[in-house]
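Student: I would like to practise reading a structure.
Tutor: Keep it in view while you ask.

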Amino acid sequence: MNKPTKKLVTYSSLLLTALYAANKYIDSCITPITSSKNSFTFVWKEHQIQYIEKGDNKNPPLLLIHNLIPSSSKEEWYRIDDILSKDFHVYELDLLGCGNSDKPNITYINYMYVQIISAFINEVIKEKTNICAASFSSSIVLMTARFYPGIINKIVIINPTSIDKLVKPATYKNKIESNILELPIIGTFLYNCKMSKSSIEDYYKYICFYNDKNVSSKTLDITYYNAHNQHSSGKFLLGSIIGKYTNINIIYALNKINHNLYLIGNGNYKSIIQEYKKYNKNIHAVYVSNCRLLPQLEIPETIADKIKRSLN
């Protein structure tokens, strides 16, 4: 081995060692977030899915589906689930790859989540249910209603993702980024950089909330923990999202769905909601203000009221 090659090997080894140490340090600094709510486990194809339920089981069931990103979880509903549980038997689950559910090294696709939701309704709820979903999870719920219409009653979607974004194909750059994230050391380090405390704080302050002062420290602590628990294995879901594997064309589903469908959105979502309405006459638009991507965390009383009015 010549001298330049030896140097390259040495420097590469030192770099990988430093990245590995950084990953281990981040892993060791994760503070477990414990919930006061009773948590249960639903097993789907050997994967453990965590969920909670609240309210009288004599009330109509309501399944809450959080946004599909690695920092999200069932805790996204913690400000409204008590309000909703007065009228509904509420179920909240951590989607596979999120929260305290398993985060396996697999390719995450839309139809996989459709199967999980349909299995959860059939095996846990065991009756026709109402569903409320947030943001990107809108496509999952719509596809579930398309393939398994008999298990769903009414649907509420908060700030649905645009149809154009859902059908956008992966670029060569997207595929490279997705593949790099799967690497054991380098991929984990890059994921930890993308999901740093400052990055998550900026995302919630400037994308998820209308008023950055409304972002609580509890919300940031929960989301940071969700992104990094299980040794930052949320990187596999992020890789699938970047690679557009979770994308799907929902137009055909919208055309075929006969359920009552309520779309809740702020002013920025009016054009998106109108786009959805072109494909389905059963869509009812509900508009709110002083909020952005996650109004259930920013204006919880208003959103809980809109959900209850829609379903009742």
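Student: How far apart in sequence are arginine 309 and aspartate 305 in helix H14?
Tutor: Helices (H or I, at least four residues) and strands (E, at least two) are DSSP runs, numbered from the N terminus. Helix H14 covers residues 300-311 and holds both residues. Their spacing is about one turn of the helix, namely four residues.

Student: Which residues are joined into one network by salt bridges that share partners?
Tutor: A salt bridge puts a side-chain nitrogen of Lys or Arg within 4 Å of a carboxyl oxygen of Asp or Glu. Shared partners make one network of Lys54, Asp81 and Asp82.

Student: What kind of model is this?
Tutor: Residues are numbered from 1 along each chain as its sequence is written, and side-chain values use heavy atoms, leaving out hydrogens and water. Local features need pLDDT of at least 70, side-chain atom pairs count only at pLDDT 80 or more, and totals for chains, interfaces and linings use all residues, this being a predicted model.

Student: Is arginine 309 buried or exposed?
Tutor: Buried means under 20% relative accessible area, exposed over 50%, and partly exposed in between (1.4 Å probe, protein chains only). Arginine 309 has 62%. That value makes arginine 309 exposed.

Student: How many residues apart in sequence are the parts that aspartate 81 and lysine 54 tie together?
Tutor: The two side chains meet in a salt bridge, 3.8 Å from N to O. Aspartate 81 lies in helix H2 (residues 81-84) and lysine 54 in strand S2 (residues 47-54), so the bridge ties together parts separated by 27 residues.

Student: What is the N to O distance between aspartate 82 and lysine 54?
Tutor: Aspartate 82 is partly exposed at 45%, while lysine 54 counts as buried at 18%. Their side chains meet in a salt bridge. The N to O distance is 2.1 Å.

Student: Which helix gives the most to the nonpolar patch?
Tutor: Patch residues have over 30% relative accessible area and no salt bridge; like charges are joined within 9 Å, nonpolar side chains (Val, Leu, Ile, Met, Phe, Trp, Tyr) within 5 Å. Areas come from the Shrake-Rupley method with a 1.4 Å probe; for residues, only the protein chains shown count as cover. The patch, about 590 Å², has Leu16, Tyr172 and Ile176 among its members. With three residues, the top contributor is H6.

Student: What is the volume of the largest cavity?
Tutor: On a 1 Å grid over the protein atoms alone, a cavity is a set of points where a 1.4 Å probe fits but cannot get out; lining residues have an atom within 4 Å of a point. Points are joined across faces, edges and corners, and volume is the space filled by probe spheres set on them. The count is one cavity of 30 Å³ or more. The largest has a volume of about 80 Å³.

Student: How many residues of the lining of the largest cavity are polar?
Tutor: Ala, Val, Leu, Ile, Met, Phe, Trp, Tyr, Cys and Pro count as nonpolar, Asp, Glu, Lys and Arg as charged, and the others, Gly among them, as polar. Helix H9 (residues 217-232) gives the most to this lining, four residues. The lining has four nonpolar residues and two charged, and the polar count is six.

Key:
On a 1 Å grid over the protein atoms alone, a cavity is a set of points where a 1.4 Å probe fits but cannot get out, and a pocket is an open set with protein on both sides within 12 Å along at least five of seven lines; lining residues have an atom within 4 Å of a point.
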